[in-house]
Amino acid sequence: MTSDGSNEPLQSRAVGESQVVMARQMMPNDANPWGAVHGGTIMKMVDEAAGSAAIRHSRCRVATAAVDYMSFLHPVQVGDLVTVMASVNDVGRTSMEVGVRVEAENMLTGTRHHTSSAYVVMVALDEQGNTVAVPPVIPETPDQERRMAAAKVRRTQRKTLQAMLKRSDEDHAPPAPVASDLVQARQK
Ligand SMILES: CC(C)(COP(=O)(O)OP(=O)(O)OC[C@H]1O[C@@H](n2cnc3c(N)ncnc32)[C@H](O)[C@@H]1OP(=O)(O)O)[C@@H](O)C(=O)NCCC(=O)NCCS
């Protein structure tokens, strides 16, 4: 099933059709007692912007499957205007990698810093919560092509890591109890 509810091939969408820009001034309840904004405040804005870009691309509900490589490069202060830019870098069958860039501006001085970047994997869902196929995405600029190529590398890396962790878990799983262990346990 596809995100438009049919089994027809989905119409491709350009990256620019779903890009999102969100901005909000940081308030005291976003920060610690010394006025530095919590990482979690920024993470929530990143998740919301990535979700909106993914919904606009797929035109259906989405769930956050993973957030990779979230970095905090510069502190954000109460009063700063935080701008979050989200763009669908690449799609799989039902998942979308959304690249997010965060900038903070001191509105009194005009000083602006790149404060965070993250890659968020969003999965498209139907109304029953089942995963659904999403439309292909078309890069239209050299930057969008570069981001798509990098997203494909990260997708391969995620799958390799997941497979390695699964093998490691299996290798370290406790041995299944044998019949004599069960008899001993019952006798205790
Ligand atoms: C995300 C979720 C819907 C995936 O469901 P699932 O049954 O594992 O689905 P699948 O195994 O078919 O994977 C679906 C897609 O998600 C991708 N995916 C699943 N888990 C992933 C992970 N941890 N990291 C990256 N991609 C992931 C798969 O690669 C697949 O992509 P593709 O279709 O483009 O190839 C499910 O794990 C879920 O509901 N998680 C909770 C989401 C949530 O509540 N988020 C909010 C945070 S509290």
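How many bridges pair S2 and strand S4 (residues 81-91), and in which sense, parallel or antiparallel? Six bridges, in the antiparallel sense. The views below start from that pair and work outwards through this predicted model.

**View 1. The S2 and S4 pair joins one edge strand to its partner.** Strand S4 covers residues 81-91 and pairs with S2. Look for Met22, which stands opposite Val84 in S4.

**View 2. Five strands make an open, antiparallel sheet.** Reading across, the order is S2-S4-S5-S6-S3. Strand S2 (20-25) and strand S3 (61-72) sit at the edges with a single partner strand each, so one side of each has no neighbour in the sheet. From one strand to the next, the twist averages 25°.

**View 3. S6 pairs with both S5 and S3.** On the S5 side, the antiparallel pairing runs over 11 bridges, and Val98 stands opposite Val120 in S6. The hairpin of S5 and S6 has six residues between the strands, and Gly110 there takes a positive phi near 85°. On the S3 side, nine bridges join the antiparallel strands, with Arg61 standing opposite Leu125 in S6.

**View 4. Two helices lie across the sheet strands.** Helix H1 (residues 39-58) crosses S2, S3, S4, strand S5 (95-105) and strand S6 (112-125), at about 45° to S4. Helix H2 (residues 142-171) lies across S3, S4, S5 and S6, and its run is at about 75° to S4.

**View 5. Val120 is among the best-connected members of the largest nonpolar core.** That core has 33 residues, and those touching the most other members are Val46, Ala49, Ala50, Val98, Val100, Val120 and Met122. H1, S4, S5 and S6 are the elements giving two or more residues to this core. Zoom in on Val120: leaving out residues up to four places away in sequence, it touches Val46, Asp47, Ala50, Thr64, Val67, Val98 and Val100. As a bit of background, nonpolar side chains tend to be buried together in soluble globular proteins.

**View 6. S3 gives the most residues to the shell around the ligand.** Its share is four residues. Around the ligand you'll find Ala63, Thr64, Ala65, Ala66, Gly92, Arg93, Thr94, Ser95, Val121, Val123, Thr131 and Arg158. The elements contributing two or more residues to this shell are S3 and S6. Sorted by class, the shell has five nonpolar, five polar and two charged residues. Thr64 is one to keep an eye on, as a residue around the ligand that Val120 also touches.

How values were computed. Residues are numbered from 1 along each chain as its sequence is written. This is a predicted model: local features need pLDDT of at least 70, side-chain atom pairs count only at pLDDT 80 or more; totals for chains, interfaces and linings use all residues. Two strands pair if DSSP finds at least two bridges between them. Axes are lines fitted to C-alpha atoms, for helices over the stretch in contact, and angles run from 0 to 180 degrees between N-to-C directions. Two residues are in contact if their C-beta atoms, placed from the backbone, lie within 7 Å. A residue is near a molecule or strand if its C-beta atom, placed from the backbone, lies within 6 Å of it. Ala, Val, Leu, Ile, Met, Phe, Trp, Tyr, Cys and Pro count as nonpolar, Asp, Glu, Lys and Arg as charged, and the others, Gly among them, as polar. A nonpolar core is a set of buried Ala, Val, Leu, Ile, Met, Phe, Trp, Tyr and Cys residues joined through C-beta atoms within 7 Å. A residue is buried if 20 or more other C-beta atoms lie within 10 Å of its own, exposed if 12 or fewer, and partly exposed in between; C-beta atoms are placed from the backbone.
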